[in-house]
Amino acid sequence: MRSRTLWIRLSVLLLMASTLLVAPPPTSSDAAIPNPTVLFTRGMGGYDCIRGAKLVPARDGTLIALGSAKYRNSTGECPDLTHTDIVMRRRSQNGTWGPLVKIRSNPKGDGRMLSATPVVDQRTGNIMLFVRDGSDTDFDESVSYVLSSDDNGATWPETARYAWVTRPGPSHGIQLEHGPHAGRLVVAMWLDTTPQKTQLIYSDDGGVSWTRGATSTGEWSGEPSIFERNDGAIYVMARNQGAEDLGDTKTFGISADGGETFTGPFQVVDNLVAPKVYGTVLRLRSTLDGDRYNRVLFSSPVEYRERAGSNTKDRHRMVIRSSYTEGRTWQGVNAPDSQTIHTGPASYSSMAELPDGRIALAFEAGNEGQVSHHEVRFTTFTEADLGLPDSYSGGTGTPDTSGLGNTARIRGTTHGGDGRFDGGVTLDGVDDHVQVPFAESLAVDDADFTAMAWVKYTATTGNHPIFWAYGVGDVHSQMWLRAEPGSNRIRGRVQSGANGGSVMSSRAYNDGRWHHVAFQRQGSTLRLFVDGALTGTATGPTSTVSPGRPFQMAVGQRIDGAQHFAGSLDEVRLYQGALTEAEIGRIHATNAVNVPGALLRLPFHPNFKTTDDASVNDNDGFVRQAVSGPGKFGNAMTFDGVEDRVHIPYSNATNLGSSQFTVATWFKYSGGTARQTLLWGYGVNEASSQLWVRADPANNTITASARTPDGVVRVDTGNAYADNAWHFLALRRTASQLILSVDGADVDTAPAPTGSLTAGYPDGVRGIHLGEKLDGTDTFTGGLDELHVYTRALSVAELDAMRTNNTTPTNGLALHLPLNDTTDPTP
C-alpha cells in the first residue's frame, strides 16, 4: 500500500457500476487476522466502561486511540446519556501503548459529551478534535469545542468553540487530496433530528476557521463516516436508524464540491447487510497512487441476534468488507476477501492505516453472553491477511513490459525458452496457466480493444483458451480468445450481460507451427486476424465487457479453470483501441513493441534482475547471476564463466536484419583455454542466421561472425587481448564490408554478407546473450561494459569519441546497456 500523497491532481474515468456478478475470485487460503488485544477495558481509569474508540495516526508515527469514558447510571449499564469524559491512549512507533489519559472532562457530569471527531492536517501535523457539550433538546446550551494538538497528541488545548447543535463522532475527518479543493479539511457531523441528518463542515486554512456546508436530505443519515473518491468527490456512509434492526441499515450521499453541498438526497446502500450501528470506512488503495486497483474497507458487525444466556438481542460478528468501485458496490459478508474479525458480540469500530502499510482496527466487543461494547479490542493486519482480490501470490513472476507493471504469475509450468521470440510458455492442457493480476488498467469496459498472442499447438479436440478476461457463463460479461480444434476454428468472443457476439477463423491452425492470432473490437465490429491477415468479421455488443470488480484474467485457461490450453504461447498482448491492419501486420512481422496503446505485454521473459537500456527502446537486459563490478566507465557486468549471462530480448529495435549495423562494447578477461562468448544473437546452429563475437584465447584470437541465408562471413583479430585490461571492440557492417576493430584500429575486414541476420526462423528467433552462447555453452569469464548496438555503421570519428569520451550518438541507436547496475525482479 502506498501512502496517498497530498496535492495529486489527476483525473480518472469513473468506474462503471457493477451490473452482473461473476464467480468470485480465489483469495489467499491462509488469510488470518492476528488475535486482538484489549485496548480499553472496564475499570480502567476508574471508569465503568470506555466506548467508541477512534484511531488517529499522528504524522510522527504515533497512533492515538480516543474513547468515550463513562460511568454507570441507575440501569447498571453505560448508556449514551450518562457522565462521559474523552480519554486517550497513545501507541509509540515500537508498538507499546501508554497509559490512559483524560483529554476533556464533562463539565456537568451528564450525557452531553457523547463522542469526538478527529481530523489531521498532513501539511502541518496538527490534530483537531471536535467535542460537543450540549443538550439534544436545549439547543441554546449546545457548544462544539475544537481541541488541537501540535505535539502528536501529547497535549490538547482548546482553540475554538462554535454554537452548533451538530453531534461530532464517532467518525473521522479527512483531508482532500484531489481536485480543486485539495488540502481542504472535511469533518462529518450529524443532527439527531427525525430523520437524522448529516452535516459536513470544512476548513481551507488548516483548521483556523470552519464553515458549515452540506446538510443531507432523504433517508436517515446519522453517525456518518467518509472517504474521498478518486474523482475528488466525498462519499458519506451513514447509519439508517429508520431501518429494520438487520438489513439495509446504511445510507450514502455524495458531495462533489468539497463538502459544500450534496449532489442529491441520501439513498440506501444496497446489499450491505448490517444491524443499526456505526461502521467506519477507510481508503486502502487508489490507482491515483500507483496501486493496481481501488479498494475501500468497511468494518461493521453483520448479525443481530440474542446474546448467549439472554433474551436480549445484540450486535454480533465483526466483519471487514471491501468496495473496489469507489463505494458503488460492496462485497458480501461471505465473499472470499471479506474477513471475520470476531464472531461474538461486537459494535462500534475504527480503522486507520499505519506508516508501515498495516491496517489498525479498534472495535467494541465482548465474549459470548457479554454486551457488544464490553471492552475495546485492537489488532493490526496486512491486506494479505485480510484477503487479496485475486490471490496474486505464488507461482513464478513473468514481467509485463507494457510499462503498466502488471507482472503475471506462471502457475504449474516455467518459462519454456522455446517461444516465437525468446521466452514463451509451454502449457500441459491440464492445470498450467498464467494468472494476470486484477488491475483497473486492464478493464477495457465499453472501449475498443485488440488482444493477441502467438500460438503453437497440435490438439485436435477440445476447447483451448488462449486469453480469457472478466467473466464466464451465459449471462456474464466477458472477453476471450480460444482455439477450438474440434470445430476447426479459432474464435474470439465479447459478451455484455446476455448480449454477445463471436468472430471465428475458417481453420484451427493446429499444425504445430507458430501462428499470430489477433482479436479486436471496433465499435460493433469484431475482427480476427491470423498471421497478419484478416480472417473473419462479425457483429458484437458495444457496451461494457468488464462491469464487475474485482475481475479475473488468465492466459491459457478459462478463468473458472474448466478449460486449459495445451501447447505453447508467446507475446500475449492487450491494447486499448482497435489497431490498424498495418499495425497488426508489423507486430506479426517484426514483433514491434512501439505500437501505442499497450495495456499488457507478456513476452514471458525470465523474471531475473534487469539492467537498464538507456536508449529510447526500453530493451532492458535480464541478468542471470552476473554481478556489478568496477568497469571502464563506472560499473560493469562481471561474469564467472559458469552460467552468468545477460539476456536482451528480441524486438523490432534489436532486429538488425539486412541493415548496416554497429555493435560496440568494452571487454576485459584473463584468457584460458576455452572459447568464451562476448555476444551471441538470433540463432545458434550452423543452419541459422546469427551474429556473434567470441574470444578464443587458445588460438590467440577473437572472432566475429555474421551468418545469413546467403552465407557466413567471419573476421578475426589475430590477438586474444587476454591481458586483464579493458579493450574497446567494434563490429560494423557497411554497404560493402564487415569490419572488426579493437581499441580504435581496424584489425580485419571482409566483404559484407548479404541477406538478413534474422531470416528463416519459422519456429522462433532468439534475442541476444552477453557472456554465453544461446545454447548456454562457451561461457565468458571477465567483464563487459557499455554495450552499444546501432542500425547503421558508425563513422571512425564517432567510434573514437565513444572510445575516448564514452559518448553515445542517438541516430540509429537500437540498444545501449551501460551495465552499471541491476534492478531486482518483481516478486
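In this predicted model, four strands form an open sheet in the order β6-β7-β8-β9, and their pairing is antiparallel. The edges of the sheet are β6, covering residues 116-120, and β9, covering residues 158-162; each of these strands pairs on one side only. From one strand to the next, the twist averages 20 degrees. A closer look at one edge shows β6 running antiparallel to β7 (residues 127-133), with 5 bridges between the two strands. Among the residues involved is A116, whose bridge partner in β7 is V131.

Attention turns next to the aromatic residues. The structure holds 27 aromatic pairs. One of them joins Y235 and F252: the ring centres lie 5.7 Å apart and the planes meet at 5 degrees, so the pair counts as stacked, the cut-off being under 30 degrees. Y235 belongs to strand β15 (residues 234-239) and F252 to strand β17 (residues 250-255), so this pair ties together parts of the chain that are 17 residues apart in sequence. The two partners can also be described by their accessibility. Y235 has a relative accessibility of 1% and therefore counts as buried, whereas F252, with a relative accessible area of 22%, is partly exposed. Both rings belong to a cluster in which ring pairs link F227, Y235, F252, F298 and W330.

The nonpolar interior comes next. The largest nonpolar core comprises 49 residues, and F467 and L574 have the most contacts inside it. Strand β30, spanning residues 449-456, is the element that gives the most to this core, contributing 4 residues. The surroundings of F467 can be listed in full: leaving aside residues up to four places away in sequence, F467 touches A451, M479, W480, L481, M553, A554, V555, V572, L574 and L600. L574 thus appears among the contacts of F467. There is also a second, separate core of 46 residues, which includes W514, F639, V693 and L731.

A charged residue rounds off the picture. R645 is found in strand β45, which covers residues 645-648. Is R645 buried or exposed? Its relative accessibility is 13%, and because buried means under 20%, R645 counts as buried. The side chain of R645 makes a polar contact of 3.0 Å with the side chain of E772. Setting aside residues up to four places away in sequence, R645 touches F608, F622, V623, R624, A626, F639, H769, L770 and E772. One of these neighbours, F639, is also a member of the second core described above.

Conventions:
Residues numbered from 1 in each chain as written. Predicted model: local features only at pLDDT ≥ 70, side-chain atom pairs only at ≥ 80, totals over all residues. Heavy atoms only, no water. Pairing = 2+ DSSP bridges. Axes fitted to C-alpha atoms, helices over the stretch in contact; angles between N-to-C directions. Core = buried A, V, L, I, M, F, W, Y, C linked by side-chain atoms within 4.5 Å. Buried < 20%, exposed > 50% of the residue type's maximum accessible area, 1.4 Å probe, protein only. Contact = heavy atoms within 4.5 Å. Polar contact = N/O pair within 3.5 Å; in protein donor to acceptor, adjacent residues only side chain to side chain. Phe/Tyr/Trp six-rings, centres within 6.5 Å; stacked < 30°, edge-to-face > 60°.
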